[in-house]
Amino acid sequence: MTMHSKKEAWQSFLLVSPSLLAVAIFVYGFIGWTGRVSLSRWTGLLPDFTWVGLENYRKLFGDARFQIDIRNTVLFTAVFVLGALLLGLFEALLLDQGVKGEAFFRNLFLFPLAISYIVTGVVWRWLMNPASGTRLSGLNLLFERLGLHFLINDWYTTPFWGIVFIAIPAIWQMSGFTMAIYLAGLRAVPDELREAARVDGASEWQIYTRIVLPLLRPVTLSALIILGHMSLKVFDLILAVAGKQLALDVPAVYMWQTTFDGNFYGQGAAIAMLLLLSVAVLIVPYIWYTLRAEEEA
Amino acid sequence: MKRGRLVRGLTYAALILLSLFYLLPIYVMLVTSLKGFDEVSLKTMWDLPRVIRFDNFIAAYQKLSPHLWNSLNMVLPAAVLSSILGSLNGYVLAKWRFRGANIIFPLILFGIFIPYQSILIPLVQFVTRLNGGSGLVGLVLAHVVYGLPITTLTFRNYFAGVPKEMVEAAKMDGAGLLQIYWSIFLPISIPAFVVVLIWQFTQAWNDFLFAVVLTEPAYWPMTVALNNMAGSQIVAWNVQMAGSFLTALPTLLVYIFLGQYFLRGMMAGALKG
């Protein structure tokens, strides 16, 4: 690092200080404030900071709705993350075969990323219309026309497993992202490595399973963390597909409803803090690891 | 050789099947939007329109047009302001690292990933005081402030690639901090500006959470208005489809024309510069 004069050091700090101040207040100050609200009795429109300790958290873990939220988050995360990883990897492997029209397919797999979850949700809500009999529509209608009757189902209204179907539009939207980083990862595998293996008599299958896929492990880890933290935060997609249904509830929706519809600020803040904690567990090590790798490079 | 051709055939078959999966929602959205009211029925939702009519688009536009303007009025200043600030921050963090910058930078980065629920209660209180609960100022402010972490990161990574000799040489010539930014860094950062502007535009346009808690119905942007339209039983599904298409169109156009830049913004968001 080059040496800077004292004046320059001050100037540079002054230049970033408005932003630093904004982040300090709006991110960390506000998180602290939410934390304080989560330890208060505040219910109703007027702030009430009466200290109740961990009462709000204790109540949440005994709350039937929050149990549903945790179950839904786990189910959704498992299906969404695994689905987006596998589909993205599959697409990247297909595109890595030197196919014609690669750019076309790549762009096609990627475009849903540019669309709002609300749009995705509203359209998939009609595609996954659970109505039956003469009111059959959406994908169920398509399945019937194609003679695939066994695929006709209740979608997100299926008891217990409903949330799993919300993962389908989420995968539709995000699999392009995993495809893109896997493809970049595949392109980074040196050709010499594959050549050398071929010379040693390895089959194409062996080259993939023994050489290429192990090299993609860091990519998988990044994708896992990014998708995982997104899935903990899932909010607008669920609202747009299904509205506020208890069976499809997740912490982000619960927080929003209990705080702004129900005025249970203490409880809402507690949910928000737990959500933050779960995201931090994934993201903090990721940031630390990424910055260290960058310094070593 | 024969086996090779089989594998090729299967590869293309798989790619085409996958393409259908991605196109399915777009197909339904477009086909429905282009039918006349007389032709619209859930029974025929997969059929092509017999006659192309714009009834649905007109109905959706009439409902959504004020919100279209709200979205534009909010997204443009939000994207521009957060990009300018991010560019200054990135410049300083890349080339003028002050004491403590190593600690501050990861703290800024964490701001990219936080669930916004964790700042929502104070934010709503703050914005209510700021603009008395109406208008778009609070929403713009939220998008600028919470956009800072990613805009800062993108510019910092971009400027990190500028050789420090250039800064040294400019200093020798007596140029100051701001002069160096203005004459060297700003002119070369057009590509980074495109990436960041597109990213912020898309994020703010597609946002729902901030908009729904920080604006009153008259100021709702497109996403909130569309969700509200879809949630009510009054607006027919075909109009919802046309509304969805109108809401998706601006960011889709950006993606179609500037896709590469969009992708780079996305990679930055995953800390994969």
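These are my notes on a predicted model, covering the contact of two chains, one helix pair, two domains and one long-listed helix of chain B.

**Entry 1: chain A with chain B.** I looked up how many residues each chain puts into the contact. Chain A puts in 79 residues and chain B 70 residues. I then asked which helix gives the most to the side of chain B that touches chain A. The answer was H11 of chain B, residues 237-269, with 14 residues. I also sorted that side of chain B by residue class and noted 49 nonpolar, 17 polar and four charged residues.

**Entry 2: H1(A) and H4(B).** Next I picked one helix pair across the two chains. Helix H1 of chain A runs over residues 6-38, and helix H4 of chain B over residues 117-131. Their axes come within 8 Å and cross at roughly 90 degrees. Angles of 65 to 115 degrees count as roughly perpendicular, so that is how I entered H1(A) and H4(B). From H1(A), the contact is made by Phe26(A), Val27(A), Phe30(A), Ile31(A), Trp33(A), Thr34(A) and Val37(A). H4(B) supplies Ser118(B), Ile119(B), Ile121(B), Pro122(B) and Leu123(B). By class I recorded ten nonpolar and two polar residues for this contact, and no charged ones.

**Entry 3: the domains of chain B.** I looked up how chain B is divided. The assignment gives domain 1 as 2-44 and domain 2 as 62-269. Taken over C-alpha atoms, the centres of these domains of chain B are 33 Å apart. Their contact takes seven residues from domain 1 of chain B and five from domain 2 of chain B. On the domain 1 side, I noted four nonpolar residues, two polar and one charged.

**Entry 4: H2(B).** Last, I checked the span of helix H2 of chain B, residues 55-95. H2(B) has 41 residues and reaches 56 Å from its first C-alpha to its last. That is close to the 60 Å expected at 1.5 Å a residue. Where is the kink in H2(B)? I found it at Leu64(B), shortly before the proline Pro66(B), and its angle is about 55 degrees.

Note on methods. Residues are numbered from 1 along each chain as its sequence is written. Chains are lettered from A and ligands numbered from 1 in the order in which they are written. This is a predicted model: local features need pLDDT of at least 70, side-chain atom pairs count only at pLDDT 80 or more; totals for chains, interfaces and linings use all residues. Helices (H or I, at least four residues) and strands (E, at least two) are DSSP runs, numbered from the N terminus. Ala, Val, Leu, Ile, Met, Phe, Trp, Tyr, Cys and Pro count as nonpolar, Asp, Glu, Lys and Arg as charged, and the others, Gly among them, as polar. Axes are lines fitted to C-alpha atoms, for helices over the stretch in contact, and angles run from 0 to 180 degrees between N-to-C directions. Angles under 35 degrees count as roughly parallel, over 145 as roughly antiparallel, 65 to 115 as roughly perpendicular and the rest as oblique. Domain bounds come from an automatic or database domain assignment. The expected span of a helix is 1.5 Å times one less than its number of residues. The bend at a residue is the angle between axes fitted to the seven residues ending there and the seven starting there.
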